[in-house]
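Trainee: Could you take me slowly through one part of this protein, the place where two helices are held side by side? I am new to this, so please explain the terms as you go.

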Amino acid sequence: MSTENNSTLKSYIDSATGAVQNAVGSIIGNRGDQAEGQAKQEKAHAEHAASHDTAKLPGFTATSDGAVAADHPDRTSGSWKQTAGAAKEFVGGTIGSEELKQAGRRENREGQEQEARGQVKDLGEGAKDRFTGQLGGAAAALVGDREKQREYQAQHDVGKAQQRGAEHDINKEAEAQRRADL
């Protein structure tokens with residue numbers, strides 16, 4: 001886990017602050033404020049990108065913060081079911097077995113539904129862990145409990161990885177569907 005937590009919300013705030021500073025500098029003719037505002041905006045864009053960086057591998061997701069989250073089992077099982085269904089459908093089409101082809105389509109569809117349920121569960125659990133981690137970390141900071149702050153930060157980061165992994169797969173599937181529709 002990194003000490004500099006990349007936050008989407010913080011990146012939005014920094015970007016807005018930089019834009020205002022840049023605009024004010026432009027209005028009053030202060031090139032220093034303009035440059036500083038532009039630098040804040042660029043840093044905010046980089047932070048936003050870093051907060052969304054993930055390494056998505058089969059069965060888990062890792063974020064730039066160093067957190068790793070396992071995919072919900074329905075995601076993996078559903079993916080395998082889709083692969084088996086597609087194989088059956090292909091073999092059925094190749095050998096002329098309409099029954100095998102239809103069974104493959106059903107299995108593929110069931111796998112898609114199962115994977116989608118797992119993605120929804122990962123999105124929900126990830127959001128819950130991020131919120132709980134953020135809130136718990138703030139409370140621990142108020143009482144000065146550094147150990148609890150680290151625990152809550154880890155919970156937040158794993159929730160973020162879980163959520164980003166599901167988002168990654170959902171976006172990938174949406175892009176594949178968009179290409180298929182063209």
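**Two helices and their salt bridges**

Mentor: Let's start with one pair of side chains: Lys121 and Asp74 meet in a salt bridge, with 3.3 Å from N to O. Lys121 belongs to helix α4 and Asp74 to helix α3, so this pair ties together parts that are 47 residues apart in sequence. A salt bridge here is a side-chain nitrogen of Lys or Arg within 4 Å of a carboxyl oxygen of Asp or Glu.

Before going on, keep in mind that this is a predicted model, where local features need pLDDT of at least 70 and side-chain atom pairs count only at pLDDT 80 or more, while totals for chains, interfaces and linings use all residues. Residues are numbered from 1 along each chain as its sequence is written, and side-chain values use heavy atoms, with hydrogens and water left out.

Now look at how open each partner is. Asp74 is buried, with a relative accessible area of 16%, whereas Lys121 has 38% and counts as partly exposed. The cut-offs are under 20% for buried, over 50% for exposed and partly exposed in between, using a 1.4 Å probe and protein chains only.

There is another link between these helices. Arg105 and Glu89 form a salt bridge, and their closest N and O atoms are 2.8 Å apart. This pair also links distant parts of the chain, as Arg105 sits in helix α4 and Glu89 in helix α3, 16 residues apart. Both partners are partly exposed: Arg105 has 32% relative accessibility, and Glu89 has a relative accessible area of 21%.

Step back to the helices themselves. Helix α3 covers residues 73-95 and helix α4 residues 98-143; they pack at an angle of about 165 degrees, with their axes 7 Å apart. That angle makes α3 roughly antiparallel to α4. Angles run from 0 to 180 degrees between N-to-C directions; under 35 degrees counts as roughly parallel, over 145 as roughly antiparallel, 65 to 115 as roughly perpendicular and the rest as oblique. The names come from DSSP runs, where a helix has at least four residues and a strand at least two.

What kinds of residues make up the contact of α3 with α4? They divide into five nonpolar, 14 polar and 13 charged.

To put these pairs in context, the structure holds 15 salt bridges. A network of them links Lys56, Asp71, Arg75, Asp122 and Asp169. Two members of that network have helix addresses you already know: Arg75 falls within residues 73-95 of α3, and Asp122 within residues 98-143 of α4.

Lys56 leads us to the strands, since Lys56 stands opposite Thr61 in β2. Thr61, in turn, stands opposite Ala69 in β3. The strands form an open sheet of three, in the order β1-β2-β3, with antiparallel pairing. At its edges are β1 (54-57) and β3 (68-70), each pairing on one side only. Pairing requires at least two DSSP bridges between strands: four bridges join β1 to β2, and three join β2 (residues 60-63) to β3.

Technical notes. Ala, Val, Leu, Ile, Met, Phe, Trp, Tyr, Cys and Pro count as nonpolar, Asp, Glu, Lys and Arg as charged, and the others, Gly among them, as polar.
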